[in-house]
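Student: Please take me through a close look at one part of this model. I should like a single connected account of how that part is put together and of the residues within it.

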Amino acid sequence: MIGRTFIGSLLLGFSISVMLNSKEQRIFIKSKISEIDEKILRLQASELLHLSQHDELTNVSNRRTFEEMFTHYYNLACKESTSLSVLFIDIDYFKNYNDFYGHQMGDQVISEVAKTIKSSIRHMDFIARYGGEEFVVLLPNSDVDQAYLVASRISRAVDELSIHHEKSEINPYITISVGLAVYTVEYPVSANQLLSFADQALYRAKACGRHQICR
């Protein structure tokens, strides 16, 4: 009887232990599944946020994000009495390129130019695809001479890509035109005026023969 009692106690204890362990395992597994689900939701939210803020082709910021960042940089320049430079960049005779080489090759050119611009600016600067083959760059704390140097560096870097452009009317390779405008304490302009001046400068660069920088 003592032996049976002892064995019975052991079996009962083992059964209870198995049940408790099984319950603990279920709780543990449920908690891990919840953690994984939470991580997946965070990743999905992060991915959706990235997609809403970036251009799918070039992976640089899109126009909507540019408008938000431009407002931020402009207000900061006004508040801290610093300069803010804006570059409007356009790929020369891109329509001719697209029509001759095809849209897939055209997309590759846009992507390569975006990558080149991004690698030619500082970490604190901002680049966005403004639309089509046009890009915009914000250069905080940069006066007109500093901005011109950056624009020149970008233009040279695009030249060095040596992408053949048989239908360009000015160069056998892909080139860009750049319009530059600067907000300074000495010459304060509104946010809309600053963008308008940069756009006008780009128009003048294109009207004067392209593959140049106008300010």
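Tutor: Helices here are DSSP runs of H or I with at least four residues, strands are runs of E with at least two, and both are numbered from the N terminus. The model is predicted. The part chosen is the sheet, together with what packs on it.

The sheet is open and has five strands, in the order 2-3-1-4-5, with mixed pairing. Strand 2 and strand 5 (213-214) are its edges, each of them pairing on one side only. Strands of a sheet pair through backbone hydrogen bonds, in either a parallel or an antiparallel manner. Strand 2 and strand 3 (residues 134-140) run antiparallel and are joined by five bridges. Where these two elements meet, Gly131 stands opposite Glu134 of strand 3.

Two helices may be placed against this framework. Helix 4 (residues 103-119) lies across strand 1, strand 2 and strand 3, and runs at about 10 degrees to strand 3. Helix 5 (residues 144-159) also packs on the sheet, where it touches strand 1, strand 3, strand 4 (176-183) and strand 5. The direction of helix 5 makes about 165 degrees with that of strand 4. Ser152 is located in helix 5; this residue counts as buried, because its relative accessibility is 15% and the cut-off for burial is under 20%. Ser152 and Ser120 are separated by 32 residues in sequence, yet by 9.9 Å in space from C-alpha to C-alpha.

From helix 5 the account passes to Thr175, which belongs to the loop between helix 5 and strand 4. With a relative accessibility of 1%, Thr175 is buried. Beyond its neighbours within four places in sequence, Thr175 contacts Asp90, Ile91, Asp92, Val158, Asp159, Ile170 and His211. One of these partners, Asp92, also meets Thr175 in a polar contact between the two side chains, at 2.6 Å. The C-alpha atoms of Thr175 and Gln212 are 8.9 Å apart, although 37 residues separate the two in sequence.

Asp90, another contact of Thr175, is part of strand 1. Asp90 has a relative accessible area of 4% and is buried. Its contacts, again leaving aside neighbours within four places in sequence, are Glu133, Glu134, Thr175, Ile176, Ser177, Leu202 and Lys206.

Strand 1 also takes part in the aromatic contacts. A pair of aromatic rings is described by the distance between the centres and the angle between the planes. Rings pair if their centres lie within 6.5 Å, and by this rule the count comes to eight aromatic pairs. In one of them, the ring centres of Phe88 and Tyr130 are 5.1 Å apart and the planes are at 40 degrees, so this pair is tilted. Because Phe88 is in strand 1 (residues 84-91) and Tyr130 is in strand 2 (residues 126-131), the pair ties together parts that are 42 residues apart in sequence. Phe88 is buried, at 2% relative accessible area, and Tyr130 likewise counts as buried, at 17% relative accessibility.

Both residues belong to a cluster that ring pairs build from Phe66, Phe70, Tyr74, Phe88, Tyr130 and Tyr183. Tyr130 has a charged partner as well: the charged end of Arg63 sits over its ring, 4.0 Å from the centre. Elsewhere, Arg215 lies over the face of Tyr148, at 5.0 Å from the ring centre.

Note on methods
Residues numbered from 1 in each chain as written. Predicted model: local features only at pLDDT ≥ 70, side-chain atom pairs only at ≥ 80, totals over all residues. Heavy atoms only, no water. Phe/Tyr/Trp six-rings, centres within 6.5 Å; stacked < 30°, edge-to-face > 60°. Buried < 20%, exposed > 50% of the residue type's maximum accessible area, 1.4 Å probe, protein only. Lys NZ or Arg CZ within 6 Å of the ring centre and 35° of its normal. Pairing = 2+ DSSP bridges. Contact = heavy atoms within 4.5 Å. Axes fitted to C-alpha atoms, helices over the stretch in contact; angles between N-to-C directions. Polar contact = N/O pair within 3.5 Å; in protein donor to acceptor, adjacent residues only side chain to side chain.
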